[in-house]
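This report looks at how two helices pack against each other and at what surrounds the ligand. Please keep the sequence and the structure in view while reading.

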Amino acid sequence: MVKVSLKEKSYNVIIGKNLLKRQKKKIFSNITGAKRIFIITDIVIKKLHLKNFLKSIPNNFITETIIIKPGEKTKQLKTVEQILNFLLKKKISRTDAIFGFGGGVIGDISGFVASIILRGVRLIHFPTTLLAQVDSSTGGKTGVNSIHGKNLVGSFYQPKLVVCDIDFLLTLPKREILSGYAEVIKYSILSDKNFFHWLKKQTNKIIINDPNVVQKVIKKSIFIKSSLVTKDEKDVKNKRALLNLGHTYAHALEKCCKYSKNLLHGEAVSIGICMVNRLSFILGFLSMNDLKEIEKLFVDIGLPTNLNFLENFKIKKDNIIKNMMHDKKVLNGKLNFILCKKIGKTFVYNKVNLNSIKKSIC
Ligand SMILES: NC(=O)c1ccc[n+]([C@@H]2O[C@H](COP(=O)([O-])OP(=O)(O)OC[C@H]3O[C@@H](n4cnc5c(N)ncnc54)[C@H](O)[C@@H]3O)[C@@H](O)[C@H]2O)c1
């Protein structure tokens with residue numbers, strides 16, 4: 001278990017196997033007084049896991065299920081509006097609860113809906129992808145994409161509990177598992193070189209989705225994320241910002257690829273981190289050794305590191321840069337980059353010239 005300490009908004013992230021049965025008391029004590037539970041999920045999860053999930057909910061709750069299409073393209077205001085209308089039609093009350101049951105897309109949408117419906121109802125995340133378990137379900141960032149860019153409409157809204165049950169990962173396609181590892185490697189680069197070197201030794205086990213390794217990885221990742229979120233919940237003190245390592249590039253790439261399934265979020269993050277590391281090298285902060293060592297870990301795990309992966313999209317560099325400028329991290333027309341000094345040491349920097357950015361995109 002990892003505690004996210006945010007005074008009266010503190011909550012726990014529980015990690016393990018078969019949690020819905022083993023931790024029933026703990027889970028449902030977070031929504032005492034609720035009569036109904038509204039479960040937001042997608043078609044894929046419905047087919048694979050919804051039946052068992054519903055069975056594990058005590059009989060004293062009435063459940064309503066909202067099923068949406070899977071994928072990044074669903075993460076838009078139209079979906080949020082549809083869900084809000086459903087909840088209001090069902091006369092959701094402030095004492096009811098919302099369960100986000102799915103990957104990061106479901107988590108971001110459920111969190112946003114929970115934060116604005118009736119000005120906030122209780123929320124529990126049940127993340128079912130590795131990416132959502134190591135990253136998106138913790139920290140309280142919620143939201144959707146806009147025509148102007150990724151995650152530009154949203155709120156900060158902390159859940160009451162996060163339940164990371166690794167049994168869900170058994171049905172997750174390998175490509176999605178690897179996508180989650182991009183965020184895991186990110187944590188190691190931004191603050192923990194020992195974790196990075198440990199990951200290097202685990203690549204064989206990572207590739208076969210070893211349950212012991214995955215459990216350790218989730219715990220460690222959430223620990224690093226929660227320590228930054230605790231210091232800077234609303235992302236205003238340049239502490240939480242470190243979690244955005246590589247994300248300015250990644251979000252621009254996802255937008256350039258029109259949120260296609262051919263570029264998963266983690267894959268975009270993997271390429272984005274390699275690009276920003278090239279930028280750190282070009283600006284003289286990162287050594288060639290560290291640059292290569294990080295790239296090698298991504299390659300060994302089976303993640304993309306450069307634009308070759310996106311050959312079919314024929315993306316223009318100028319278009320990537322244009323989309324980077326729509327990022328939330330632009331301040332007074334200047335992009336705030338998270339740069340890397342060495343493995344385990346990152347910092348915020350905004351004195352970057354356009355030429356260096358162009359060179360880093362390859
Ligand atoms: N809020 C945050 O702090 C934060 C942080 C990182 C990423 N994100 C967001 O998370 C999203 C990416 O999340 P994701 O990678 O989980 O993608 P996703 O939610 O699109 O899920 C990926 C796919 O896996 C399927 N799936 C989910 N669980 C499954 C399971 N157990 N078995 C089989 N299939 C399953 C889904 O239906 C979907 O098709 C992006 O929108 C990203 O912006 C948010």
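## Packing of two helices

In this predicted model, helix 7 and helix 12 cross in a left-handed sense. Helix 7 spans residues 174-191 and helix 12 spans residues 265-282, and the two pack at an angle of about 40°, with 7 Å between their axes.

On the side of helix 7 the contact is formed by R175, S179, A182, E183, K186 and I189, while helix 12 brings H265, G266, E267, V269, S270 and I273 to it. By class, the residues of this contact divide into 4 nonpolar, 4 polar and 4 charged.

## Polar contacts of the ligand

Oxygen atoms of the ligand are met by both backbone and side-chain atoms of the protein. A backbone N or O atom of G104 lies 2.8 Å from a ligand oxygen, and a polar backbone atom of V105 is 2.9 Å from an oxygen atom of the ligand. From K150 it is a polar side-chain atom that lies 2.8 Å from a ligand oxygen.

Taken alone, the ligand exposes 860 Å², of which the protein buries 90%.

## The shell around the ligand

Several elements give two or more residues to the shell around the ligand, namely helix 3 (43-55), helix 5 (104-116), helix 6 (130-136), strand 8 (149-156) and helix 7. Helix 3 supplies the largest share, with 4 residues, whereas helix 7, one of the contributors to this shell, is also the helix that packs against helix 12.

Among the 28 residues around the ligand, those that come nearest are D42, E72, T128, T129 and T171. The shell as a whole divides into 9 nonpolar, 9 polar and 10 charged residues.

Terms used: Residues are numbered from 1 along each chain as its sequence is written. This is a predicted model: local features need pLDDT of at least 70, side-chain atom pairs count only at pLDDT 80 or more; totals for chains, interfaces and linings use all residues. Side-chain values use heavy atoms; hydrogens and water are left out. Axes are lines fitted to C-alpha atoms, for helices over the stretch in contact, and angles run from 0 to 180 degrees between N-to-C directions. A crossing is left-handed if the near helix is turned anticlockwise from the far one by less than a right angle, and right-handed if clockwise. Contact means heavy atoms within 4.5 Å. Ala, Val, Leu, Ile, Met, Phe, Trp, Tyr, Cys and Pro count as nonpolar, Asp, Glu, Lys and Arg as charged, and the others, Gly among them, as polar. A residue is near a molecule or strand if one of its heavy atoms lies within 4 Å of it. A polar contact is a pair of N or O atoms within 3.5 Å; within protein, one must be able to donate a hydrogen and the other to accept it, and residues adjacent in sequence count only if both atoms are side-chain atoms. Accessible areas come from the Shrake-Rupley method with a 1.4 Å probe; for residues, only the protein chains shown count as cover.
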